[in-house]
Each structure stands twice: as C-alpha cells, then as structure tokens.
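Me: I have a structure open on my screen and would like to learn how to read its features. Could you walk me through it?

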Amino acid sequence: MAAAAAAAALAAADPPPAMPQAAGAGGPTTRRDFYWLRSFLAGGIAGCCAKTTVAPLDRVKVLLQAHNHHYKHLGVFSALRAVPQKEGFLGLYKGNGAMMIRIFPYGAIQFMAFEHYKTLITTKLGISGHVHRLMAGSMAGMTAVICTYPLDMVRVRLAFQVKGEHTYTGIIHAFKTIYAKEGGFFGFYRGLMPTILGMAPYAGVSFFTFGTLKSVGLSHAPTLLGRPSSDNPNVLVLKTHVNLLCGGVAGAIAQTISYPFDVTRRRMQLGTVLPEFEKCLTMRDTMKYVYGHHGIRKGLYRGLSLNYIRCIPSQAVAFTTYELMKQFFHLN
C-alpha cells in the first residue's frame with residue numbers, strides 16, 4: 001500500500017494546466033504526448049525515490065505481516081536491527097529491485113488514470129467536488145494495481161526470503177517458478193481481490209483527505225502555507241513541510257481503514273511459501289485464519305505502527321521529488 005500512498009499523493013496534485021499553443025513544428029497531439037511523457041517520468045522518478053527511502057521498512061513489514069519464523073517474535077525496531085545482523089545491510093533492501101520496476105509504471109498509470117476518470121466522472125455523470133475526487137482516486141488506484149500486480153507478487157516473494165533459505169534466485173527466476181508451479185498466469189494474481197477491496201477505500205480516502213487539506217489550506221492561508229511554483233508563478237503550490245504534513249495525515253487515515261486487506265493480500269501472495277498455505281486459499285479463509293490465530297492487534301493490524309512510521313518520510317520524499325521534477329519538466 002505504500003506504493004499507492006506515494007502515487008495517490010502525487011496524483012492528487014492540481015490538475016495540469018492547458019498546454020499553450022506554441023509556434024513551430026509539431027501539432028497538438030505531439031505536444032500532448034510529450035506532456036504525458038513528462039508526467040510519466042516525473043511520477044515514476046518521485047515514486048522510486050520515495051520507495052527506496054522506506055525500503056527497509058517495507059521489508060520488515062512483509063516479514064512481520066506474514067510471521068516469518070526468523071523474526072515473528074520481534075517488533076518493528078528490533079526487526080530492523082536483526083535483519084542486517086542476519087543478512088547484512090543489503091538484506092533490508094531485498095525485493096527492492098522488483099519494487100522499482102513496479103512503482104515506476106504504477107505511479108504513472110495512477111496519475112494518468114486519475115485525470116482520465118476525473119474528467120469522465122465530471123462530464124458523463126455530472127459529479128464534482130470531494131465525491132468526484134473520491135471516486136476517481138479509487139478507480140485510478142484499482143487500475144494501477146491490476147496493471148502492476150504480478151510485479152508486486154514477485155517483490156513480496158523476494159522480500160520474504162531469508163539469507164540461506166532462498167527459493168528464488170532473482171526476479172526472472174521468481175516469475176518462471178510461480179508460472180510453472182502455481183497455475184500459470186493466474187498464479188500471479190493470488191490475493192488480487194483483497195488488494196482491490198483494500199485499494200478502493202485506501203486510494204479514495206487518500207485523494208479525498210489530501211485534496212481537501214490542500215484546497216482548504218491554499219484557500220484560507222495561501223501566503224502562510226503556499227508559494228508560487230518556480231516554473232509558473234501563476235500556480236500556487238504547498239510548501240514542502242506543509243505537503244509533508246498533509247500527505248502524512250492522508251496516508252495514516254487511509255492506511256488505518258484498509259490495513260486488514262493489506263495483511264490478507266500479503267499472506268495470499270506468499271502462497272506456498274507459508275506452511276499454513278492450504279488454510280489461506282481464499283480471502284475469507286485467510287482473514288478468518290489470521291483473526292483466529294493472532295487476533296486483531298497482532299494479526300489483522302500487525303505491523304500497522306510500521307506503516308505510520310513510513311508515512312512521513314515516504315510522503316516527504318515523494319512530494320519534494322515530484323515538485324522538483326514538475327518544475328524540471330515544466331509541468332506547471
């Protein structure tokens with residue numbers, strides 16, 4: 001879900017202004033293509049920077065959520081110390097390569113889908129305001145998840161491995177093994193349903209909360225909270241520390257609502273890696289198993305404190321990098 005938090009925050013930014021009719025070669029279509037290409041690059045770079053920053057916390061989250069037998073007795077901070085001791089410093093970044101391959105298109109797809117759905121909902125359904133943002137955000141999040149889910153599946157499998165007990169030697173080997181042993185193409189979509197059910201409220205609430213805080217802040221205290229964009233003085237953007245605060249609040253609220261679906265998704269993605277695999281074949285069975293054996297706090301919400309800790313640095317890096325990239329690529 002952290003990937004969604006970064007992408008949702010980026011996509012919740014002000015809609016892109018109309019492209020000016022410039023003189024010279026190239027028609028409107030060419031300029032629109034270049035605009036979306038720049039948007040793609042800006043969102044992808046920001047997402048990768050944000051995810052790399054919190055990659056150690058992502059690795060620990062996967063280990064704690066699925067109760068890895070090497071670390072299941074540990075808490076968040078003790079696990080952060082134990083992983084480098086057992087697997088070396090790079091052990092904190094296991095699975096991050098697959099995450100980078102996933103997060104780049106994920107951010108781009110969600111950003112573009114959000115703009116498309118927002119326009120569609122306004123023109124076809126006549127809905128605007130906060131509900132319009134909530135609906136577009138939910139649909140964009142689900143679209144991005146479906147398109148990039150196999151990469152997330154592989155990333156989770158790699159992150160769950162512990163040094164000396166490797167099932168997969170790398171990204172390509174993981175793809176081949178899952179395809180061969182777990183039902184072909186459909187094996188890459190284990191846990192998709194809880195992911196979609198969790199993504200709808202997560203992305204929707206993220207867009208709603210961040211967008212509302214941003215619009216209220218810039219409307220009531222533009223001088224205190226905002227500043228002109230360096231590439232277009234007519235566009236007002238939030239100051240970095242205000243972006244951090246708004247993004248952190250939005251991420252925390254959305255994560256609290258959708259976290260049980262995230263735990264369920266991780267367990268279903270791990271599949272045959274877990275000894276209780278046969279008891280976690282469906283979303284309902286998985287949630288029932290986790291609740292029955294571990295309860296709410298240590299089961300369905302295990303590792304939630306880690307997600308709260310991840311919100312602030314993740315959003316800070318995402319917004320700071322994205323604002324720089326928007327100005328660098330002249331997106332304002």
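**Reading the model step by step**

Reply: Happy to. Let's begin with one residue: I103 is found in helix α5, which covers residues 96–125. Keep in mind that this is a predicted model.

Me: Is I103 buried or exposed?

Reply: The general idea is to look at relative accessible area, where under 20% counts as buried and over 50% as exposed. I103 has a relative accessible area of 2%, so I103 is buried. In space, its C-alpha atom is 9.9 Å from that of C49, although the two residues are 54 apart along the chain.

Me: Since you mention C49, how many disulfides does the structure hold?

Reply: A disulfide is a covalent bond between the sulfur atoms of two cysteines. To call one here, the two sulfur atoms must lie within 2.5 Å. The structure holds zero disulfides. C48 is in none, and the nearest cysteine sulfur to its own, that of C49, is 7.1 Å away. C49 is in no disulfide either, with the sulfur of C48 as its nearest cysteine sulfur. The two also fall into separate accessibility classes: C48 counts as buried because its relative accessibility is 16%, while C49, at 32%, is partly exposed.

Me: What does the whole chain look like in terms of helices and strands?

Reply: Count the elements, then ask how the chain is put together. There are 13 helices and two strands. Of the 332 residues, 54% are buried. Take the contacts between residues at least 6 apart in sequence: 75% of them join residues at least 24 apart.

Me: Where is N234 placed?

Reply: N234 sits in strand β2, residues 232–238. With a relative accessible area of 75%, N234 is exposed. Its C-alpha atom is 8.9 Å from that of N332, a residue 98 positions away in sequence.

Me: How far apart are the end C-alpha atoms of helix α10?

Reply: The idea is to compare the end-to-end distance with what a straight helix would reach at 1.5 Å a residue. In α10, residues 240–270, the ends are only 37 Å apart, short of the 45 Å that a straight helix of its 31 residues would reach. Now look for a bend: α10 bends by about 60 degrees at S258, and a proline, P260, follows within four residues.

Me: And what span should helix α13 have?

Reply: The 25 residues of α13 (304–328) should span 36 Å at 1.5 Å a residue, and the end C-alpha atoms are 35 Å apart, which agrees. Even so, α13 bends by about 30 degrees at C311, with a proline, P313, following within four residues. Just after α13, H330 takes a positive phi of about 55 degrees.

Me: At what angle do helices α6 and α7 pack?

Reply: For a pair of helices, read the angle and the axis distance together. Helix α6 (residues 129–160) and helix α7 (residues 171–181) pack at about 105 degrees, with axes 10 Å apart. They are therefore roughly perpendicular. Their contact brings P150, L151, M153, V154, R157 and L158 of α6 to I171, A174, F175 and I178 of α7.

Me: What about α10 and α11: how do their axes cross?

Reply: The axes of α10 and helix α11 (residues 283–294) come within 9 Å and cross at roughly 105 degrees, so these two helices are also roughly perpendicular to each other. On the α10 side the contact residues include P260, F261 and R267, and on the α11 side they include M283, Y289 and H294. P260 is also the proline that follows the α10 bend at S258.

Note on methods. Residues are numbered from 1 along each chain as its sequence is written. This is a predicted model: local features need pLDDT of at least 70, side-chain atom pairs count only at pLDDT 80 or more; totals for chains, interfaces and linings use all residues. Side-chain values use heavy atoms; hydrogens and water are left out. Buried means under 20% relative accessible area, exposed over 50%, partly exposed in between (1.4 Å probe, protein chains only). The expected span of a helix is 1.5 Å times one less than its number of residues. The bend at a residue is the angle between axes fitted to the seven residues ending there and the seven starting there. Axes are lines fitted to C-alpha atoms, for helices over the stretch in contact, and angles run from 0 to 180 degrees between N-to-C directions. Angles under 35 degrees count as roughly parallel, over 145 as roughly antiparallel, 65 to 115 as roughly perpendicular and the rest as oblique. Contact means heavy atoms within 4.5 Å.
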